[in-house]
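Here is a short tour of one protein model, written for someone meeting a structure like this for the first time. Take a moment to look at the picture before reading on.

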Amino acid sequence: MEKQNVVQLDFGFELEPATTSIPNLGPKSLKKVKSDFMDLLQSPIIVYPSQWQDAVPKDLLNNITMARMLTQMRGEPMASLTEVVAYMMPRTFESPMPSEWVNIYTWCGLQYAKTFKKDGQIEAMEEVAPKQLSEYEMGLLKRLRVWIYEKRRKALKDSLKTSMPKLSGTSPKNQGELFQKD
């Protein structure tokens, strides 16, 4: 085997090597990571209960999983802005909304368009959506995001409970009982 020639490049970064250790993940930590991942991929999409709930575009629904992952990577334990748009859309068809909710909906729609590069929508949304939300509107948005997140987590837990097979009879106390001949 030939000895390989290795060249180390210096990019001018003066960084000290990291001395932090990787945390040891215990069973509870692994269970939380697994449940968070299940939540991202399998949780149902929560929409406003209305006769218009089927009017949410498929394109928007298809992007929710990616939006959930982006929100999770930011460390935000709440629903993504894309989920907020999907939730609020059927509500917008029902009746006029208060101005603060219109601002929240249009602002979230603009963020969705920017995140998923919807060029035609960005231009239209920039004309309608506010540049930024007020502190009060941000508080309302945060509460809605947390509420949607909790609803979807509860719906996932409920669906997992109903889909888990039930064991009939009593379970053996130890492995020896499993292999006894009758």
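## Aromatic rings

Let us begin with a term. Rings of Phe, Tyr and Trp (for Trp, the six-membered ring) form a pair if their centres lie within 6.5 Å; planes under 30 degrees apart make a stacked pair, planes over 60 an edge-to-face pair, and the rest are tilted. Keep in mind that the model you are looking at is predicted. With this rule, four aromatic pairs are counted. In the pair Y48 and Y87, the ring centres are 6.0 Å apart and the planes stand at 80°, so this pair is edge-to-face. Y48 sits in the loop between α1 (27-42) and α2, while Y87 belongs to helix α4, so the pair ties together parts that are 39 residues apart in sequence.

Are these two residues buried or exposed? Y87 has 12% relative accessibility and counts as buried, whereas Y48, at 26%, counts as partly exposed. Another pair is Y112 and F116: their ring centres are 5.3 Å apart and their planes lie at 45°, so the pair is tilted. Both Y112 and F116 are buried. Finally, one aromatic cluster is formed by Y48, Y87 and W147.

## The overall plan

Now step back to the whole chain. How many helices and how many strands does the protein chain have? There are eight helices and zero strands, and reading along the sequence gives the pattern α-α-α-α-α-α-α-α.

The protein chain has 182 residues, and 30% of them are buried. Contacts tell you about the fold too: among those between residues at least 6 apart in sequence, 72% join residues at least 24 apart.

## Helix α5 and its surroundings

Helix α5 (99-115) is a good one to trace with your finger. Its 17 residues reach 24 Å from the first C-alpha to the last, close to the 24 Å expected at 1.5 Å a residue. The buried residues in α5 are I104, Y105, T106, W107, C108, G109, L110, Q111, Y112 and A113. Which helices do the buried residues of α5 pack against? They pack against α2, α4, α6 and α7.

Look at both sides of this helix as well. In the loop between α4 and α5 you will find M97, which is buried with a relative accessible area of 17%. Apart from its neighbours within four places in sequence, M97 is in contact with M88, R91, T92, V102 and Y105. On the other side, α5 is followed by K117, which has a positive phi, near 50°.

## Helix α7

Helix α7 covers residues 135-163. It has 29 residues and spans 42 Å from first C-alpha to last, close to the 42 Å expected at 1.5 Å a residue. Several of its residues are buried, among them L140, L144, I148 and L156. Charged-looking names appear in the buried set too, including E137, R145, R152 and R153.

## Empty spaces

Rolling a probe the size of a water molecule over the atoms shows where empty space is left. What does the search find here? In the whole structure there is one cavity of 30 Å³ or more, and the largest cavity has a volume of about 30 Å³. Its lining consists of L40, R68, T71, Q72, E76, M78, S80, E83, Y149 and R152. The elements giving two or more residues to this lining are α3 (64-73) and α7, with α3 giving the most, three residues. By type, the lining of the largest cavity divides into three nonpolar, three polar and four charged residues.

There is also a pocket to find. The second largest pocket has a volume of about 230 Å³, and its lining is made of P57, D59, L60, V85, M89, Y105, T106, G109, Y112, A113, Q121 and M125. At least two of these residues come from each of α2 (58-62), α4 (81-94), α5 and α6 (119-128). Which helix supplies the largest share of this lining? Helix α5 does, with five residues. Eight residues of the lining of the second largest pocket are nonpolar, three are polar and one is charged. Y112 appears here again: this lining residue is also the buried partner of F116 in the tilted pair described earlier.

Technical notes. Residues are numbered from 1 along each chain as its sequence is written. This is a predicted model: local features need pLDDT of at least 70, side-chain atom pairs count only at pLDDT 80 or more; totals for chains, interfaces and linings use all residues. Side-chain values use heavy atoms; hydrogens and water are left out. Helices (H or I, at least four residues) and strands (E, at least two) are DSSP runs, numbered from the N terminus. The expected span of a helix is 1.5 Å times one less than its number of residues. Buried means under 20% relative accessible area, exposed over 50%, partly exposed in between (1.4 Å probe, protein chains only). On a 1 Å grid over the protein atoms alone, a cavity is a set of points where a 1.4 Å probe fits but cannot get out, and a pocket is an open set with protein on both sides within 12 Å along at least five of seven lines; lining residues have an atom within 4 Å of a point. Grid points are joined across faces, edges and corners, and a volume is the space filled by probe spheres set on the points. Contact means heavy atoms within 4.5 Å.
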